Amino acid sequence: MEKKHKTGIVWYRRDLRVRDHFGLLAVEENCAEQLPVYFLSSWKAAHNWTGANRQQFLCDSLASLDGNLRVFGGRLLIRAEPVLEGIKRLIEQSGATYFCYQKDPDPFGHGIEADVDQLCRSLGVEVYAYHDVSLHAPEEVLTGGGLPYRVYTPYSKQWLMKEKPQRLKNVTALHTPADLSTEEIPCIGHWNLSHPAPQRLLGGEKAARERMKKAVAEIVTNYKDRRDLPAEQGTSRLSQDLRWGLISIRELYARVLQAELALPPSQREGCLTYRKELAWREFYFAILRFFPEVLEWEFSAQWRGLPWEHNEAHWQAWCSGNTGFPIVDAGMRELLATGHMHNRVRMIVAMFLTKDLHIDWRHGESWFMRHLIDGEIASNNGGWQWSAGTGADAAPYFRIQNPWSQTQRFDPKGIYIKRWLPELAHLPAEKFYEAPTNGLPLAKGYPFPIVDHRTERDRTLAIFKVHKASTS
Ligand SMILES: Cc1cc2nc3c(=O)[nH]c(=O)nc-3n(C[C@H](O)[C@H](O)[C@H](O)COP(=O)(O)OP(=O)(O)OC[C@H]3O[C@@H](n4cnc5c(N)ncnc54)[C@H](O)[C@@H]3O)c2cc1C
């Protein structure tokens with residue numbers, strides 16, 4: 001059948017897969033030749049919000065994408081130039097008359113889209129931009145009055161009830177002309193970043209799909225009971241795959257729902273809880289979309305201007321996992337070693353930074369973005385503001401987690417702590433349930449707690465109370 005366009009471009013951004021891909025399917029259906037392209041940015045070398053782990057994961061995923069496209073007869077063009085110039089040049093070189101891309105959920109990526117649309121229009125190129133980072137675009141889940149939700153529970157109720165988009169069929173045959181120039185698939189050196197974490201996950205669609213299948217088969221059914229236990233493999237470990245679009249959210253959701261419906265009703269709680277976590281992800285996308293000021297300010301206006309403190313020694317101790325609080329240090333060392341941290345521990349370390357060390361959540365947010373493979377601007381900001389008590393539907397400021405009792409509750413045998421702090425491996429787990437009372441560190445070479453939790457908790461309560469009184 002005659003195709004409408006001779007040549008079409010699919011601009012890959014954070015959707016690095018071939019399966020269930022709107023853009024790829026659209027260029028296959030509408031164009032005789034397909035040009036999948038990825039533009040390498042140079043700004044990431046200097047930016048605070050990305051680091052070696054994310055970029056290495058990106059490199060692995062681009063290499064995998066190229067290989068997967070080749071299976072269908074295509075290939076990935078890599079171009080190292082500013083996006084607008086690069087798109088213009090590629091359109092002129094190829095004579096493309098069709099251009100499609102996935103809309104980006106964060107203000108930085110989203111910001112360029114109007115210019116891309118304008119450029120294409122000025123060159124007479126048809127544009128197709130689609131939303132599929134999440135199941136529902138922020139504008140699709142609003143209050144009865146048409147306003148954005150500020151609280152998670154009513155948002156998630158509506159989100160869960162909405163009909164979900166179905167998976168798309170896969171492409172069958174692509175044709176990418178051989179005469180168009182491309183850069184090498186990048187390696188980490190492209191950005192001049194330091195070495196990535198030694199134990200990071202493998203990128204690419206194949207590895208991500210294996211993780212997804214394993215999660216659906218082995219994790220989601222018992223998710224509710226095991227997700228808070230960092231020593232266990234109780235969570236899906238799919239956040240980086242969703243961040244880079246190595247799996248489609250449509251497919252993941254459909255697989256979880258299918259697994260849920262195959263269970264007797266009394267055993268469906270785990271899958272439902274899992275689906276609700278996916279709703280948190282979309283809630284934070286919506287918060288970022290409607291309240292982009294959260295990247296600079298506290299979501300809740302009453303907490304703007306809180307008097308944060310900065311003690312450099314405390315900051316360094318937190319970053320390197322040397323605070324003397326084993327659960328905090330285990331989390332921070334897991335992050336450095338793997339580019340990941342368990343969600344329960346993310347909450348503990350974030351609350352510790354903001355409520356025990358009184359350090360501004362923005363510093364923690366930035367540190368996480370530099371080290372997490374799954375660094376997602378919306379979820380990261382949401383998680384940090386939740387922990388600081390300043391965010392949308394955040395933990396109230398007076399609910400301050402105690403790192404010692406959190407350990408007793410969520411890592412009672414100290415397995416997670418010992419995994420990341422080998423210097424404490426010989427100690428009984430009860431030693432991690434409260435601060436040492438003999439004035440000595442828990443082990444040789446391990447620091448004494450840098451602060452007293454009770455004292456700092458009281459200080460935080462006083463600081464927040466005074467601030468509240470001064471702004472109300
Ligand atoms: C301070 C802080 C920072 C965070 N930063 C990020 C981040 O940069 N990127 C990121 O993807 N998540 C972030 N989270 C949320 C959460 O910690 C991770 O999504 C989760 O640990 C990823 O592991 P998993 O895939 O095994 O999650 P699972 O427990 O298996 O959850 C399944 C999926 O649901 C989503 N999800 C789960 N919990 C949350 C949540 N609280 N908020 C938003 N989405 C959620 C994720 O996409 C996740 O992959 C942060 C949380 C906190 C407290």
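**Talking through the ligand site**

Student: Which residue has a side-chain N or O atom 2.9 Å from a nitrogen atom of the ligand?
Tutor: Keep in mind that this is a predicted model. A polar contact here needs an N or O pair within 3.5 Å, and 2.9 Å from a ligand nitrogen to a side-chain N or O fits that cut-off. The side chain in question belongs to Glu277.

Student: And which residue puts a backbone N or O atom 3.0 Å from a ligand nitrogen?
Tutor: Don't mix it up with Asn380, where a polar side-chain atom sits 3.1 Å from a nitrogen of the ligand. The backbone atom at 3.0 Å comes from Asp374.

Student: How much of the ligand's accessible area does the protein cover?
Tutor: The ligand sits in the largest pocket. On its own it has 810 Å² of accessible area, and the share covered by the protein is 96%.

Student: Which helix gives the largest share of the shell?
Tutor: The shell counts 28 residues, with Tyr223 and Asn343 among the closest. H9 (239-243), H11 (269-290), H14 (343-356) and H16 (377-388) each supply at least two. The largest share, 6 residues, comes from H11.

Student: How many shell residues are charged?
Tutor: Domain 2 (134-166 + 205-290) and domain 3 (301-464) each give the shell at least three residues. By type, 13 are nonpolar and 9 polar, and the charged ones number 6.

Definitions and conventions. Residues are numbered from 1 along each chain as its sequence is written. This is a predicted model: local features need pLDDT of at least 70, side-chain atom pairs count only at pLDDT 80 or more; totals for chains, interfaces and linings use all residues. Side-chain values use heavy atoms; hydrogens and water are left out. A residue is near a molecule or strand if one of its heavy atoms lies within 4 Å of it. A polar contact is a pair of N or O atoms within 3.5 Å; within protein, one must be able to donate a hydrogen and the other to accept it, and residues adjacent in sequence count only if both atoms are side-chain atoms. Accessible areas come from the Shrake-Rupley method with a 1.4 Å probe; for residues, only the protein chains shown count as cover. On a 1 Å grid over the protein atoms alone, a cavity is a set of points where a 1.4 Å probe fits but cannot get out, and a pocket is an open set with protein on both sides within 12 Å along at least five of seven lines; lining residues have an atom within 4 Å of a point. A molecule sits in a cavity or pocket if more than half of its atoms lie within 2 Å of its grid points. Helices (H or I, at least four residues) and strands (E, at least two) are DSSP runs, numbered from the N terminus. Ala, Val, Leu, Ile, Met, Phe, Trp, Tyr, Cys and Pro count as nonpolar, Asp, Glu, Lys and Arg as charged, and the others, Gly among them, as polar. Domain bounds come from an automatic or database domain assignment.
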